[in-house]
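User: I should like to go through this structure and ask what stands behind each term that is applied to it.

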Amino acid sequence: MSEMQLGVHSFIELLETIADNKYMLGDRLVEIGVSGPNLEATLAAVAMAQGELGHARLLYNWCFDLRGVKGKKAEIRGQTGKAFRGVVNVHNWISLIAALYTVNTAIHIVLQSTLESSHSKVASRIQKLIREQKDHIIYAKNWAKQLRHDQGAVPHRFRESLNGIIDEVYAWLAKVEQNQKLQTEGYLPKNVKLTEKFKEQLKEFNTEHLVHMK
Amino acid sequence: MEKVSTDTQKYWEALKEVMDPEFPISVVDMGLIYDIKKNGDEIDITMTYTAVSCACMEWIESDIKKRLLEEEEVKTVNINVVWDPPWTVDRLSPEGREKLKYWGVSAR
């Protein structure tokens, strides 16, 4: 396999990981979101579910194109197995918000970096997705702040959920950042600082795991 | 709407008959159509959608093809969906804006 093919293969794997997580976030936003803490939260969760599933569809279709699949695209009936454990295991509102916030923040950092790619068609694929995703992050971040300052056991449980998923997300970003094929083939800029940006974004939550990450 | 060349004007007009399935506003007035090019008996449409998660994509594309294929000289319609520049309400035509207002939908 040539270097270029290896680069495309790595990029497809990156896109599929993002798509799988968005597919599962969409699924969890429907399953958990319908019993959100209030009507507004529930309506927003269901609307965002459609958004996340739409983002997943766009990314899966992009993968089909990169693989040279012609004609009508296959229907997506499930994720390809690359979704984070912390997303698949979302089981309540607190873990949903922790996953939605951390995973979309990480995805946003990666996709923003791909906009600096030397591949001209990247922007035309994801510009709208990035814009829509920002709204999801703002929503999740505001809920994260609310849960952090809530009463009783909620802040502690939220911190646990955040700590539970941060390691996995951070490890993925570190792996992507160290993938030389993505950089040499121009899918990501040289010496891209994904983990650094992620820590910066989540600094205000100052979770134990984030603090200990080197 | 961009300035259109005279040889594609009739196709822009034709697409004003293709309605968004969610609102009775044409895909042209919604600002979904970015470009129309004619190449022999083929028409190339460059378009976008209001949201990546639009549930009506196949429906709209099918309606666009069906309408353009009603033109005698058109044998093939190719649709290229792009997401840059992203759609915003600024792409609505004044007519589209008025119709949304009539239906009680904010277009600011």
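**Chain contact, pockets and backbone**

Analyst: The count between chain B and chain A is 0 salt bridges, a salt bridge being a side-chain nitrogen of Lys or Arg within 4 Å of a carboxyl oxygen of Asp or Glu. This is a predicted model, in which local features need pLDDT of at least 70 and side-chain atom pairs count only at pLDDT 80 or more, while totals for chains, interfaces and linings use all residues. Residues are numbered from 1 along each chain as its sequence is written, chains are lettered from A and ligands numbered from 1 in the order in which they are written, and side-chain values use heavy atoms, with hydrogens and water left out.

User: How do you know how many residues from chain B and chain A are in the contact?

Analyst: Contact means heavy atoms within 4.5 Å. By that criterion, chain A and chain B contribute 15 residues each.

User: What makes up the area buried between chain B and chain A?

Analyst: Buried area is the accessible area (1.4 Å probe) that two parts lose on being put together, summed over both. For chain B and chain A the value is about 1,100 Å², and carbon and sulfur atoms give 56% of it. Of the area that chain B buries against chain A, 50% is supplied by B:Val52, B:Ser53 and B:Trp83, more than any other three residues. The side of chain B that touches chain A has 10 nonpolar, 3 polar and 2 charged residues. Here Ala, Val, Leu, Ile, Met, Phe, Trp, Tyr, Cys and Pro count as nonpolar, Asp, Glu, Lys and Arg as charged, and the others, Gly among them, as polar.

User: Why is the space of about 1,300 Å³ called a pocket?

Analyst: The term is used because, on a 1 Å grid over the protein atoms alone, a pocket is an open set of points where a 1.4 Å probe fits, with protein on both sides within 12 Å along at least five of seven lines; lining residues have an atom within 4 Å of a point. The volume, about 1,300 Å³ for the largest pocket, is the space filled by probe spheres set on the points, which are joined across faces, edges and corners. Of its 33 lining residues, A:Arg57, A:Asn61, A:Lys73, B:Met57 and B:Glu61 are the closest to the centre. H2(A) gives the most to this lining, with 9 residues; helices (H or I, at least four residues) and strands (E, at least two) are DSSP runs, numbered from the N terminus. The lining divides into 15 nonpolar, 8 polar and 10 charged residues.

User: What makes the peptide bond between B:Asp84 and B:Pro85 cis?

Analyst: Its omega is about 0°. B:Pro85 lies in the loop between E3 and helix H3 (94-102) of chain B. Most peptide bonds are trans.
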